[in-house]
Amino acid sequence: MSKLEQFQRFIRNNGKDLTGVDVPVILSNEQTKQPQLKFTFGWTIEVGVSQHEHGSYCPNGIQSGSASNARDYAHDKAKEYASGQNSLFNDRFLNILGPDISSNFLIRNRDLKSAPETYVGSKVCYNCSGSGSQSCSNCHGSGKNSCTGCSGSGRISVSRFDSHNNRTVYTTESCSSCWGSGKKTCYTCNGSGSVTCNTCNGGGYLYYSYTIDGDAKRSTKWAYNSNDYHEWTSEFVKNNGLDLVYHLTEIAEVDVEGTLDGCTFIYAFTAKLPTLQFTATIDKVDTTMCFAGKNDTTHNAGGVYDPAVWFVAQEMTGNDQETDKDILATPAIKDIIEAHTTNTQIALLTENWVSKEINDAVISNYQHLVTTLKKQSVKGIAPNMFLSLIKYTYLFFTLGMLIALLFPSFAAETSHRMSVSQVPEWIMALLMMKFGLFELPAYMNYVFFFGLLWLSYKSVKKWYWKNIGKTKIWLLAISITLLLPHIGFSSYYNTLELLRHSPTIASSLVSGSLLVGVYLLIFGVKKPKRWYGKLFGLLAGLGIYCAIQYGLYVINPTYGFVVDHTHYAQEVTKQLTSALDFMKHNIFEWGLLSISFTYFLTRRRFWLKAKTMVADYDSPVLLKSMNMDK
């Protein structure tokens, strides 16, 4: 089997595996060439002088007097190396890189390290001006310190009891610590007033050394030895490097002829690079396929898989889940989408098995699929949000009214408690340290505040049901940090307050039934599936609701739910009005609860439903594209 037939079979079989459809490629016009290449490469040597500080320590090296002299000597010697007057760096270069060049053919930038000469010089110490000593900081140069025993006065107060006169006598006497002088010798400088300079350790000089360092910067040029080569060979070698050539011969150092990017040392060798080129015909369109190197590495596959990939990808519309599933499972489509989503490179694209135009078309169809699924994931969310808002608003309204009816004295005191509208004022007082939480020091407020902010950020990032941006994470974290203390403290103190009040179960049963009984109407409409069933359910719920209210009215004289039975309706209305006042004072809290439950629970329900739908595609990259991979 000829190489042309081998390649044709490989391309067709590989295309079938990648796309799932036949790839009718016909190869012809095989062109095999093995041009001789001559490479010339070398290094530009960069020489510089580095300064090193040694403090009071004098290092080994060529003593050059002052530091400025040492620096000048080093710069003069560096100029000799750079101009080629001194062969030191040439010899170091050959010793370091010569074996690698001949055996491993390593062409890379190298650090030539420092030359063996080190030029050493000194400067007068800036701290002591060369004296080696400095004024004692303990006694400020005086050599003596004030006596601590007598505070510098030289005398101390003493007292003694005069038993003869039966009295205590106070007097002063000479200080025994300083013998009446009021001064003591400084223990730091032993009275000299000066100490050894800690910058130069008493030497009076600071030492500097200068070394000559070199770097070898690689440069490579090459040329053909013959005219028998493919036009794309030069581009291939530049893109893939010299490791693809083989039969390296005649590696040797050559003389500098002119300049090679300013190189100081130049080597040359010859090599053979086999190249292979075909004409590929796909759907009556011709393209060129190029291979080179020891293992027929692909240079340009000519986009031979374009028709096959597009034949599959164009069916991805978002209208048929099973079709889209099969397309997303196709290896070529899957690899292209993953490379785009993760911003990575794949051989399918870099070697031009699939052209950029087809890649862009595949991604465009995929984005259309993602957009379609996103629209489907939120379809009907607006009416559901509205109905949920009504549901949760009435739920929390009922709950608040029941609390007010059960504990009327607690509800009457609600205006004296802090509401959510006062939270900003409370937070500002907290941060301005006008009070301390839990009777701790006021500065601990910041520990609690920023600790809670950090915990909120980490919690939202970890437990929020989907991936969201940093801005949204911070907004949620800040909201939790501001509201959680209010919720926690309010729940705690209000619960304690409720326990101090006795519930009025009897009277609240009549009024509460008016609110809770409405759920009978909702249940009667929601439970039946057919429209006429919903109508009968509504009537049945209404009948049961009225029966309960009438029944409570009938048995009221016996059980005394409402004391003044003759004004039954007015008394019930009065109770409801009192509860409404409680709701009015807490309208922000109940409204915030209703909106929060509506938004988060409804959104989450839609998101989980959408994730289940997208998960059916069995495509991790699709979940990532829709921020559902969490």
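In this predicted model, F291 stands opposite T298, a residue of β16. The contact between the two strands involved rests on three bridges, and β15 and β16 run antiparallel. Together β15 and β16 form a hairpin in which four residues lie between the strands. Within that turn, G293 adopts a positive phi of about 90 degrees.

The hairpin belongs to a wider arrangement. An open sheet of four strands follows the order β1-β14-β15-β16, and its pairing is antiparallel. The edge positions are taken by β1 (26-33) and β16 (297-300); each has a single partner strand, so one side of each is left without a neighbour in the sheet. On average, neighbouring strands of this sheet are turned by 25 degrees against each other, with direction ignored.

At the β1 edge, the partner is β14, which spans residues 275-282. Six bridges join β1 to β14, and the two strands run antiparallel. Within this pairing, I26 stands opposite T281 of β14. The sheet also carries a helix: α1, covering residues 3-19, packs on the sheet and touches β1, β14 and β15 (285-292). The direction of α1 makes about 130 degrees with that of β1.

Aromatic side chains add detail to the contact between helix and sheet. A pair of aromatic rings is described by the distance of the centres and the angle of the planes. The structure holds 18 aromatic pairs, and one of them is formed by F7 and F278. This pair is tilted, with 5.1 Å centre to centre and 45 degrees between the planes. Because F7 lies in helix α1 and F278 in strand β14, the pair ties together parts that are 271 residues apart in sequence.

A further feature to examine is the second largest pocket, which holds about 410 Å³ of space. The elements that give two or more residues to its lining are α10 (381-406) and α16 (518-526). Of the contributors, α10 gives the most, with seven residues. The lining includes N384, L387, S388, I390, K391, Y394 and L395. Also in the lining are Y519, I522, K526 and R605. What is the make-up of this lining by class? Six residues are nonpolar, two are polar and three are charged.

How values were computed. Residues numbered from 1 in each chain as written. Predicted model: local features only at pLDDT ≥ 70, side-chain atom pairs only at ≥ 80, totals over all residues. Heavy atoms only, no water. 1 Å grid on protein atoms, 1.4 Å probe; cavity = no way out; pocket = protein on both sides within 12 Å on 5 of 7 lines; lining within 4 Å. Points joined across faces, edges and corners; volume = space filled by probe spheres on them. Nonpolar A, V, L, I, M, F, W, Y, C, P; charged D, E, K, R; others polar. Pairing = 2+ DSSP bridges. Axes fitted to C-alpha atoms, helices over the stretch in contact; angles between N-to-C directions. Contact = heavy atoms within 4.5 Å. Phe/Tyr/Trp six-rings, centres within 6.5 Å; stacked < 30°, edge-to-face > 60°.
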